[in-house]
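Let's walk through this model together, chain by chain and then across a chain boundary. Keep the viewer open as you read.

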Amino acid sequence: MTQRKRLSNTQISSQSRRRSEVAVAEEEDGDLTFTQPSTSQVQRGLERLTSAQVDQKTAEVVQYFLVKDQKKIPVRRADLVKHVLKDYRNVYPEIMKRVTQSLDQVFGLKLVEIDTKNHIYILINKLEPAEGAPLDNSPTNPKMGLLFVILSVIFMKRGAVKENVIWHTLKKLRVDPGEKHEEFGDVKKLITDEFVRQRYLEYVRIPHTDPIEHEFRWGQRADLEVSKAKILEFMGELHNQEPQSWTQQYRDAHSTPNSTQASTSSQR
Amino acid sequence: MSQQMGDSHRRFLQNMMANGIVDEQDAKTLYQHCCQTHNTQCILDKLDDFIGTINSKLQPMFMQIRKGMSEDSGHQYYALVNMAETDVTRMSSDYTDTELELFRKTMDLIVSSENGKASSTDILNTADTLSTKKLKKSETEHLLNRLVHDKWLNEKRGEYTLSTRCIIEMEPYIRTMYQDQVKVCHICHNIAFQCQICENPTCGIKIHHPCVARYFKGRTEPQCPACDDFWPHEIPEPQRKGKKTELIYMYLHVWVHS
Amino acid sequence: MKRARSSEADEETPRQNGSSGRRRGVQQHRGNEDDEGPGLGAANLQDDDIDPSLRREIRSKYRDLINSVQQNREDMLSPSNNKLTEVLEEANKLFQDVREAREAALDAQLLVVATDLGKEKASQLFSEGAAFDPTAFAEHLLSFMGLNRLEDEEEELQNGAVDGYLPQDAWHRVAKRAESCFKTAPAFHYMMGSFHAEPPPPKQRIERQRKVPGKEAKRMMPTQLKKMEESHQEATEKEVERILGFLKGYHQDDPSTPISYYEFVIDPNSFSRTIENMFHTSFLIRDGLARMYLDDKLPCIAPVEEGEVEAGGSASRKQCITSISLKTWKELIDAFDISDTLIQPLNTQNE
């Protein structure tokens, strides 16, 4: 018994160490400690490193972006420097150049800095979704269905929607924000917290409202990832109506320089 | 080998990321689809070269598309695997530390068992011995379902086995960590969990069921390929059970420990 | 659309004129909303005293109106809905008795809410192209998700909305459809490398498995069962005996035909009673009063004869564990074509 206890204590401490590292860095506003090195600094830094070392670090950073993307959480430069780059911070620009290239050339993914002030990055796909993808049984995430519905309503309501409209609509779809849902768990948390952290949605307070009211808007990730034109196409299918009949939305979908236009081939 | 990657390669890789594992037939269909989408030439029997090109670019990232056999059907599969354990790879967020500990202990059970299986009862008991945090029975059951859903474990009638995806990715790990316990198939030389064992106590070699089926096909007097003793097991037939029977079996979660 | 536009526009125009005219008067008070001091009334508000209880009533009515606009906002936005007009007419009536700043402030508050709604209604009316109605959208989406609409009229009346149940893959269908609209990066998942490599603890597995069956069997009983056993021990014992009675009865009726385990425990009318039956039956097995065996690969159950109970020591006994989900339960009912329960539920027996 005592032996087991001792064993578990040491394990706990090693586990929680790993956890707390992550937690601390995410909370503190740690980017202050990092200043972008100058070109000459980078040059000097590279001279001290072997190419194998630089390759190794590049690989680690690529993996870091892939790991963070498992849950679609944006990456902050401060965390990247602290957890992965560490002693290589002086060659940061060179590593990032290689990482961007490797994500692009190998995976067909684009690294986008969505917040140039706080230096926050996300990955989006450079390849267009394929028509008639062959593997029917490939796993789908029902949460993406829910997100899709919310983004559609916001878009159709011209960019901003009071939260009540969303809850109202979802209730009709048998999803009650006040109840635990079989697939989505805590619906309200998923929508106002998880989707917001992933930058799919913005959930903002409407000024001068009493009682307090919030509205939803598209987040930066949605702007980059989601095609308004294709949403409108789906709306047309659903309502058995021409997409053009929503004149204004049609104009929005085809004028804003969003994801559809950003899709260039990744071949260089 | 120094072939450059194109969009067809990248699309193939992205599909591998989304699926984790595909069988050979699906891999070929996928290969064709990717080539068609990006108007590139597709030579069906050059699938392994196509994947080789991807792998040459993936290897520096400690990743690989690796081929392996299903112990169950004997079919070939391709899985996208991670090859290294680093501070970064341990940041993976699919499972919590506690959940991973339970998975590791489940693997311990499976590898150390006679038949390459662990009953859900034994796994549930293991959940009481976790060092980080105890898992409730329902939490453990939920986790096991997730592990099956994510294709890391297989479940049949309440017994868990390592999935093809798991074996392909974890093979080097299992060989290193369980060197005293793990046995390889005498025919294909891969590690063997679901297999038949020679009953000669001085021999005791293992052969995967599909390898047995292939090796002894058409022989009336099957003999152990190592010791020439009579091979006393039923030689499995290549064809599969009917859909309906299989369905009923799947749901009869009854097993008897003797 | 056209019909709605003309009728609404007719009603909206005078209303807007009226309210903007009134509004000017009210706005002079806005800064003093909280102040009830006399002499703050604007020129167009008379200062004569009115009954405090009437004032209270006015305030309460204003609050009700504000509430009703806020609560029913979505429905009021619908082009065919005239509720906004009714609310404003009601407010006009109330305003005739408003003498003090406090009531005027509530009038202003209602106007803010109503104007906001009116603005949105107007933007719907005068925007070019089709309007988007979230309610209609949800309706179409339900069909897309494969809603099984219930024929049962009673159900429909209860909710006033479309009733029915969604198939299990409803949200997967939407997610699948959404894929073509998203350029989401696929995620990389792996097991190897997600935890610290660690060799297994040394084991003496053969001894452990073979030598202590008694202890093992005890440990194997799921914790849930243990808890139940403590709190409801007596009730459980009674129920176990009752079930044994059924089992013996069926066996005596026809000793040569095996009793299918699933046919025995499944109550096709109740999933929870099925679970209870399985739970209680497990005690029969544990205590060696019944045995399970496979007949043509299907599990069967039979009572153990009196003499055998002693003879078959614990060492030779086998441990059974069964599990069932709602889905499995339904499928088993179909597979075995079960229409009746073999174990009569306790309460119906008593009644």
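What follows is a tour of the chains, a few of their helices and one interface.

First, some housekeeping: this is a predicted model, so local features are reported only at pLDDT of at least 70, side-chain atom pairs count only at pLDDT 80 or more, and totals for chains, interfaces and linings use all residues. Residues are numbered from 1 along each chain as its sequence is written, while chains are lettered from A and ligands numbered from 1 in the order in which they are written.

Start with chain A, which has 12 helices and eight strands; these are DSSP runs numbered from the N terminus, with helices being H or I of at least four residues and strands E of at least two. Of its 268 residues, 34% are buried. Here, buried means that 20 or more other C-beta atoms lie within 10 Å of the residue's own, exposed means 12 or fewer, and partly exposed is in between, with C-beta atoms placed from the backbone. Contacts are judged on C-beta atoms placed from the backbone too, and need them to lie within 7 Å. Among chain A contacts between residues at least 6 apart in sequence, 56% join residues at least 24 apart.

Now find helix H4 of chain A, residues 77-85: seven of its nine residues are buried, so this helix is largely enclosed by the rest of the structure. Among those buried residues are Arg77(A), Asp79(A) and Lys82(A), along with Leu80(A) and Leu85(A). Just after H4(A), Lys86(A) takes a positive phi of about 45°.

Over to chain C, with 17 helices and six strands. Of its 351 residues, 23% count as buried. Among its contacts between residues at least 6 apart in sequence, 70% join residues at least 24 apart. Have a look at Ala122(C), in helix H5 (residues 101-126) of chain C. Ala122(C) has 15 C-beta neighbours inside 10 Å and so counts as partly exposed. Its C-alpha lies 9.5 Å from that of Leu77(C), and the two residues are 45 apart in sequence.

So how do chains A and C meet? In all, 42 residues of chain A are in contact with 34 residues of chain C. Helix H6 (142-156) of chain A is one of the elements giving two or more residues to chain A's side, and H6(A) gives the most, with eight residues. That side of chain A divides into 19 nonpolar, 15 polar and eight charged residues. For these classes, Ala, Val, Leu, Ile, Met, Phe, Trp, Tyr, Cys and Pro count as nonpolar, Asp, Glu, Lys and Arg as charged, and the others, Gly among them, as polar.

Zoom in on H6(A) and helix H8 (residues 170-179) of chain C, whose axes come within 7 Å and cross at roughly 70°. Axes are lines fitted to C-alpha atoms, for helices over the stretch in contact, and angles run from 0 to 180 degrees between N-to-C directions. The two helices are therefore roughly perpendicular to each other, a label for angles of 65 to 115 degrees. From H6(A), residues including Met144(A), Leu146(A) and Phe148(A) take part, and the H8(C) residues that H6(A) meets include Trp171(C) and Val174(C). By class, this contact has nine nonpolar, two polar and no charged residues.

How values were computed. Contact = placed C-beta atoms within 7 Å. Parallel < 35°, antiparallel > 145°, perpendicular 65-115°, else oblique.
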